[in-house]
Amino acid sequence: MAGLLSRVMPKRFRKEGTAIPVVRLQGVIMTGGSQFRPSLNLANVAPMLEKAFAKKDAPAVAISINSPGGSPVQSRLIYQRIRALAEEKNKKVLMFVEDVAASGGYMIALAGDEIFADPTSIVGSIGVVSGGFGFPELLRKIGVERRVYTAGENKVILDPFQPEKEGDVEYLKTLQLEIHKVFIDMVKARRGSRLADDATIFSGLFWTGVRGLDLGLVDGIGEMRETLKCRYGDKTRLELVAGARNMFGRRLPGVVSGQGGAGAIGAGAASGLAEALEEKAMWSRYGL
């Protein structure tokens with residue numbers, strides 16, 4: 001029906017050229033989200049992905065990625081959803097790195113059949129990191145006695161208020177190695193022979209887009225609009241697929257649970273501030 005209407009419609013009213021749906025994925029990758037801290041996770045991005053891949057006449061879906069990483073689980077879930085939709089709808093996925101696609105951000109970028117970056121983009125950081133603080137002397141200094149009761153000898157593993165134990169650290173590193181192997185296998189499967197023979201690729205280092213091209217982490221240097229017009233013609237149109245918005249036109253964040261009121265807002269603001277500082281630290285690691 002759409003094809004028939006386009007043929008009978010006066011030429012001046014027809015939309016000519018190829019329309020490419022565009023999805024923007026930006027932010028630290030983590031579950032949840034709030035009005036103070038929208039986050040990048042499968043629940044938030046799935047509707048946009050479904051809508052983008054549902055455009056029948058589009059030969060490809062363009063996705064911009066701008067993320068310093070975060071949850072490996074959410075990163076992999078988003079990656080899997082993109083690949084599943086690409087195969088189901090028989091569409092090519094073109095991934096464009098903005099400031100950074102590092103760690104989990106690069107894991108998502110692997111969903112692209114081709115990956116493009118700016119010369120100054122940051123890519124890589126193929127590794128796993130866990131961090132925290134230890135406060136074994138703090139409670140004693142302020143005169144507080146910590147009381148913890150458990151069933152299971154390892155229920156307080158890596159407790160920040162107890163001295164660090166060598167066995168706990170070794171166990172954590174075992175988990176990290178398992179996750180790292182999954183990440184490495186994904187990179188090898190998706191990038192294949194394009195990868196350079198360089199042991200540092202899986203060391204956790206990160207590089208500029210130019211060096212990433214040399215290493216085979218990306219396929220080309222290019223900006224989205226220019227690249228798509230070069231590939232599909234000068235009349236190519238980029239159609240941004242946005243997330244849901246409320247009645248005032250503001251973008252809705254992820255699902256928010258809990259009760260309203262001043263108390264909840266205050267708690268949310270405090271929590272949001274702490275999380276914002278944590279996110280800032282993640283971006284700062286890449287000079288952003």
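Visitor: Which residue caps the N-terminal end of α2?

Guide: In this predicted model, helix α2 covers residues 42–53. A side-chain oxygen lies 3.2 Å from the backbone nitrogen of A43. The residue that supplies this oxygen, and so caps the N-terminal end of α2, is N41.

Visitor: What should the 12 residues of α2 span, and how far apart are its end C-alpha atoms?

Guide: The expected span rests on 1.5 Å a residue, which gives 16 Å for the 12 residues of α2. The model agrees with this value, as the end C-alpha atoms of α2 are 15 Å apart.

Visitor: Which elements do the buried residues of α2 pack against?

Guide: The buried residues of α2 are L42, V45, A46, M48, L49, A52 and F53. Their packing partners are the strands β1 (19–26), β2 (60–67) and β3 (92–102), together with the helix α3 (72–89).

Visitor: Is P47 buried or exposed?

Guide: P47 is located in helix α2. Its C-alpha atom is separated by 9.5 Å from that of V241, although the two residues are 194 apart along the chain. A residue counts as exposed over 50% relative accessible area. P47 has 52% relative accessibility, and therefore counts as exposed.

Visitor: Which backbone oxygen does the side chain of S39 reach?

Guide: S39 belongs to the loop between β1 and α2. With a relative accessibility of 9%, S39 counts as buried. At a distance of 3.4 Å, its side chain reaches the backbone oxygen of M30.

Visitor: How many salt bridges does a search of the whole structure find, and which residues form one network?

Guide: The search of the whole structure gives 13 salt bridges. Salt bridges that share partners form one network, and its members are K55, R237 and E239.

Visitor: Where do K181 and D185 lie?

Guide: The side chains of these two residues meet in a salt bridge, with 2.9 Å from N to O. D185 is partly exposed, at a relative accessible area of 36%. An α-helix has 3.6 residues a turn, so residues three or four places apart point the same way. K181 and D185 are four residues apart, about one turn, and both lie in helix α6 (residues 166–191).

Visitor: How many residues apart in sequence are the parts that D219 and R194 tie together?

Guide: A salt bridge of 3.0 Å, N to O, joins the side chains of D219 and R194. D219 lies in the loop between α7 (209–215) and β7 (220–221), while R194 lies in the loop between α6 and β6 (206–208). D219 is partly exposed at 26% relative accessible area, and R194 is partly exposed at 36%. The pair therefore ties together parts whose separation in sequence is 25 residues.

Visitor: Which residue meets R211 in a salt bridge?

Guide: R211 is in helix α7, and its partner is in the loop between α6 and β6, 13 residues apart. R211 is partly exposed, with a relative accessible area of 34%, and the partner is partly exposed as well, at 23%. The distance is 3.4 Å from N to O, and the partner is D198.

Visitor: What are the distance and the angle of the aromatic pair formed by F96 and F116?

Guide: The structure holds one aromatic pair. F96 and F116 form this pair, which is stacked; F96 is in strand β3 and F116 in strand β4, 20 residues apart. Both residues are buried, F96 with a relative accessible area of 3% and F116 with 8%. The values are 5.2 Å centre to centre and 15 degrees between the planes.

Visitor: Is S103 buried or exposed?

Guide: S103 is placed in the loop between β3 and α4 (104–109). Its phi is positive, about 55 degrees, although S103 is not a glycine. Buried means under 20% relative accessible area. S103 has 15%, and so it is buried.

Visitor: Is N90 buried or exposed?

Guide: N90 is part of the loop between α3 and β3. Its phi is also positive, about 55 degrees, although N90 is not a glycine. At a relative accessible area of 69%, N90 is exposed.

Visitor: Where is confidence lowest, and where is it highest?

Guide: The mean pLDDT of the protein is 81, and 75% of its residues reach 70 or more. Over residues 252–271 the pLDDT is below 50, and this stretch has 18 contacts in the model beyond near neighbours in sequence. By element, the lowest mean is 52, in helix α1 (residues 2–8), and the highest is 98, in strand β4 (residues 114–117).

How values were computed: Residues numbered from 1 in each chain as written. Predicted model: local features only at pLDDT ≥ 70, side-chain atom pairs only at ≥ 80, totals over all residues. Heavy atoms only, no water. pLDDT = per-residue confidence, 0-100. Helix = DSSP H or I, 4+ residues; strand = E, 2+ residues; numbered from the N terminus. Contact = heavy atoms within 4.5 Å. Salt bridge = Lys/Arg side-chain N within 4 Å of Asp/Glu carboxyl O. Buried < 20%, exposed > 50% of the residue type's maximum accessible area, 1.4 Å probe, protein only. Expected span 1.5 Å × (residues − 1). Polar contact = N/O pair within 3.5 Å; in protein donor to acceptor, adjacent residues only side chain to side chain. Phe/Tyr/Trp six-rings, centres within 6.5 Å; stacked < 30°, edge-to-face > 60°.
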